[in-house]
Amino acid sequence: MTPKNQEQDAEALKLRQFEEQAIPLMPRLMPWALEKAKNDRIEAEDLMQEAFGKAYRYWHTFEQGTNLYGWLKMIIENTSKNRNQKEFKHKVVAELDAIPDWKITEDDRSLTARTNRSAEAEALANLASDDVQDALENLKPEFQAVVQMAIVDGYSYKEIADILDIKIGTVMSRLHRGKKYLREALYTYAEQEGYDVSAAAKEAVIKETKKGKKK
Amino acid sequence: MSNEPIDCEECQEQVHEYLQREVSDDLATAITAHVANCDHCEEFYNTEDQLNQVIKNACQTEAPEAVIAKIRQHIAELG
């Protein structure tokens with residue numbers, strides 16, 4: 001069997017499990033999503049869609065045989081919280097946009113734009129999404145899950161620890177090591193694309209500067 | 001102990017927790033103050049922040065569309 005076939009088989013199995021196990025719990029979870037959405041039916045449906053989409057993406061982290069209802073409920077709750085925060089951020093940005101430019105102070109500006117980028121940050125910013133996805137796929141699944149949950153979905157350490165059933169210390173160490181690996185892998189891609197980041201990449205050591213020193 | 005200035009080593013050790021909002025308010029204030037006054041740590045912070053952004057952008061891929069469509073259909077059937 002080719003690796004491509006295996007991949008398709010794994011995806012088909014995942015979808016079957018998801019449909020057999022997660023989807024049937026929807027009727028029991030909907031009232032709860034409605035409560036989270038303050039009885040707004042449309043918001044509740046969007047919330048359910050986003051949460052079940054996430055549940056599918058993280059399906060490989062669900063330990064078969066444990067409490068799926070509780071796991072899904074936790075994902076709905078976290079998704080609801082993130083949706084509310086996003087709404088708040090949109091509101092802030094919209095309000096900032098409505099202020100004439102001359103009234104925006106330097107502090108406000110730093111919320112929406114960051115200018116002074118170093119060569120390393122610049123190189124990272126210009127990498128193709130494919131490179132980043134490649135690097136992520138090369139991470140061990142247990143590291144990948146933590147990195148995605150923390151950085152992409154904004155879960156707290158405690159929430160990740162609960163969902164994956166691991167200790168908070170383990171969450172931290174997987175996040176740190178995962179990001180360290182990604183940084184190094186991405187610098188390698190950046191170098192191949194002609195950015196000179198070698199000095200910065202290899203210098204993962206702490207450097208005391210004059211300003212940073214106490215006394 | 002709180003409101004004590006921190007050094008580069010402490011600052012960089014906590015950078016992930018700082019970015020994930022997992023530090024106490026006191027420590028966050030100390031880190032912000034340090035980063036504002038230390039070019040090296042500011043650069044370190046910016047790079048980690050940029051790395052997060054790059055990961056976010058690459059991962060915005062949702063569940064496959066066919067799966068989303070199925071989920072939607074099941075939600076609609078809840079009536």
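**A tour from the interface into chain A**

Begin by selecting both chains of this predicted model, and look at where they meet: 35 residues of chain B are in contact with 42 residues of chain A. On the chain B side, at least two residues each come from α1 (8-13), α3 (25-37), α4 (39-59) and α5 (65-77) of chain B. Select α4(B) next, since this helix is worth colouring on its own: its 15 residues are the largest share of the side of chain B that touches chain A. If you then colour that side of chain B by residue class, you should find 15 nonpolar, 12 polar and eight charged residues.

Now hide chain B and show chain A as a cartoon, where you can trace 11 helices and zero strands. Of the 215 residues of chain A, 27% count as buried. Among the contacts in chain A with a separation of 6 or more, 64% are between residues 24 or more positions apart.

Next, select residues 41-57 of chain A, which form helix α3. This helix has 17 residues, and at 1.5 Å a residue it should span 24 Å, which agrees with the 24 Å between its end C-alpha atoms. Show the side chains of α3(A) and look for the buried residues, including A:Ala44, A:Leu47, A:Met48, A:Phe52 and A:Tyr56. Charged side chains may catch your eye here too, and A:Glu50, A:Lys54 and A:Arg57 in α3(A) are also buried.

Move on to a pair of helices in chain A by selecting α8 (residues 141-152) and α10 (residues 168-192) together. Two packed helices are described by the angle between their axes and the distance between the axes. Here the axes come within 8 Å and cross at roughly 95°, and α8(A) and α10(A) are therefore roughly perpendicular to each other.

Which residues of α8(A) and α10(A) meet? From α8(A), display A:Glu142, A:Phe143, A:Val146, A:Val147 and A:Ala150, and from α10(A), display A:Val171, A:Arg174, A:Leu175, A:Arg177, A:Gly178 and A:Lys179. By class, this contact has six nonpolar, one polar and four charged residues.

For the last stop, stay on α10 of chain A and select A:His176, which lies in this helix. Is A:His176 buried or exposed? The residue counts as partly exposed, because it has 17 C-beta neighbours inside 10 Å, whereas a buried residue would need 20 or more. Finally, draw a distance from the C-alpha of A:His176 to that of A:Val146: these two residues are 30 residues apart in sequence and 9.8 Å apart in space.

Definitions and conventions:
Residues numbered from 1 in each chain as written. Chains lettered and ligands numbered in written order. Predicted model: local features only at pLDDT ≥ 70, side-chain atom pairs only at ≥ 80, totals over all residues. Helix = DSSP H or I, 4+ residues; strand = E, 2+ residues; numbered from the N terminus. Buried ≥ 20, exposed ≤ 12 C-beta atoms within 10 Å, placed from the backbone. Contact = placed C-beta atoms within 7 Å. Nonpolar A, V, L, I, M, F, W, Y, C, P; charged D, E, K, R; others polar. Axes fitted to C-alpha atoms, helices over the stretch in contact; angles between N-to-C directions. Parallel < 35°, antiparallel > 145°, perpendicular 65-115°, else oblique. Expected span 1.5 Å × (residues − 1).
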